[in-house]
Amino acid sequence: MSLLMRAPKESGSWFWDLDDVTEPGLEPALTTAARMSAVLSAHGLLDPQALEWSWFEVGRGGLGIDSGLSLLSRSLGDEKLADEIRGCRPVGRPGAEMTGFVVVGSGTWFDAEGIARREGRLVELLVSPDSIGPSAELSVHHDVWATCDFRGSPHPAVYARNAPRLAAALRELDVMLGVEAEPGEPTYFGTSKAYGLEDVELLDGRGPDLTDLM
């Protein structure tokens, strides 16, 4: 059973506008996802296990149909992957287009004693092949990147063992992509900054208890 609480909205996110970096389309998006996943994997944050996405039609919007493909027997660099994704198009919806896809997997975090623990969806990577402008977004939903846990208790040992790993990965992604990430909008569960989360404001030595919305 997971030792971590997962917030229903992200506690932090970072967005890369890739319009001047790569071409739109599924194949370039998969290449971008593979390169970004390699960086995240090197930092122990994401070992890809599946892709998930939804379908929409221009002028109609979302179809309420979701698809996914396992990556357990293949890699993001598999040349056949794009055709397999297109083969998942809903029957009877020849005009359906896919949204951005999420790279789903597990990552490693360290508890206060320094014990490594695995967690599904520790980070989520969204890559968009949109013809209007390709992009990528990384999001986190747990409290190990923040100075306090979701109950408001400071956890300096957990923060020190995890936040620098996320910061290092974000810096490396900026260099690899050739564009700096834009911090996402603040949510109830956290505020993003360039390479991590803003420090939690303390009152009488404690941060806010955010579990009322979890």
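Leu3 touches Trp109 and Arg117, residues up to four places away in sequence not being counted; contact here means heavy atoms within 4.5 Å. Leu3 itself lies in the segment before β1. At 56% relative accessibility, Leu3 counts as exposed, where buried means under 20% relative accessible area, exposed over 50%, and partly exposed in between (1.4 Å probe, protein chains only). Between the C-alpha atoms of Leu3 and Ser37, which are 34 residues apart along the chain, the separation is 24 Å.

The structure is a predicted model, in which local features need pLDDT of at least 70, side-chain atom pairs count only at pLDDT 80 or more, and totals for chains, interfaces and linings use all residues. Residues are numbered from 1 along each chain as its sequence is written, and side-chain values use heavy atoms, with hydrogens and water left out.

The protein contains three helices and eleven strands. These elements are DSSP runs numbered from the N terminus, helices being H or I of at least four residues and strands E of at least two. Read from the N terminus, the order is β-α-β-β-α-β-β-β-β-β-α-β-β-β.

The overall dimensions come next. The C-alpha trace spans about 60 × 35 × 35 Å along its principal axes. For 214 residues, a compact globule would have a radius of gyration near 17 Å, and the 18 Å of the protein agrees with this; the radius is taken over C-alpha atoms, and the globule rule is 2.2 Å times the number of residues to the power 0.38. Of the 214 residues, 44% count as buried. Among contacts between residues at least 6 apart in sequence, 67% join residues at least 24 apart. The accessible surface comes to about 10800 Å², of which 52% belongs to carbon and sulfur atoms; such areas come from the Shrake-Rupley method with a 1.4 Å probe, and for residues only the protein chains shown count as cover.

Within this fold, Ser37 has its place in helix α1 (residues 26-42). Ser37 is buried, with a relative accessible area of 3%. Leaving aside neighbours within four places in sequence, Ser37 is in contact with Leu46, Pro48, Leu76, Val103 and Leu125.

The aromatic side chains offer another view of the interior. A pair of aromatic rings is described by the distance of the centres and the angle of the planes. Rings of Phe, Tyr and Trp (its six-membered ring) pair if their centres lie within 6.5 Å; planes under 30 degrees apart count as stacked, over 60 as edge-to-face and the rest as tilted. A search of the whole structure finds three aromatic pairs. The rings of Trp53 and Trp55 have centres 6.2 Å apart and planes at 70°, so this pair is edge-to-face. Both Trp53 and Trp55 are buried.

The rings of Phe150 and Phe189 are also paired: their centres are 6.0 Å apart and their planes stand at 75°, so the arrangement is edge-to-face. This pair links distant parts of the chain, 39 residues apart, with Phe150 in the loop between β8 (135-140) and α3 (156-177) and Phe189 in the loop between β9 (182-183) and β10 (192-193). Phe150 is buried, as is Phe189. Together with Tyr188, Phe150 and Phe189 form one aromatic cluster.

Phe189 also meets the segment before β1 (12-17), in which Glu10 is found. Not counting neighbours within four places in sequence, Glu10 is in contact with Ser139, Val140, His141, Thr187 and Phe189. Glu10 is partly exposed, its relative accessible area being 22%. From Glu10 to Arg86 the C-alpha distance is 29 Å, with their positions 76 residues apart in sequence counted as the separation.

Two residues stand out by their backbone angles. Arg121, although not a glycine, has a positive phi of about 55°. Arg121 is found in the loop between β6 (116-120) and β7 (123-128), and is partly exposed with a relative accessible area of 26%. Asp204, likewise a residue other than glycine, has a positive phi near 55°. The place of Asp204 is in the segment after β11 (196-197), where Asp204 is exposed, with a relative accessible area of 78%.

Another exposed residue is Lys80, at 58% relative accessibility. Lys80 has its place in the loop between β3 (61-70) and α2 (81-86).
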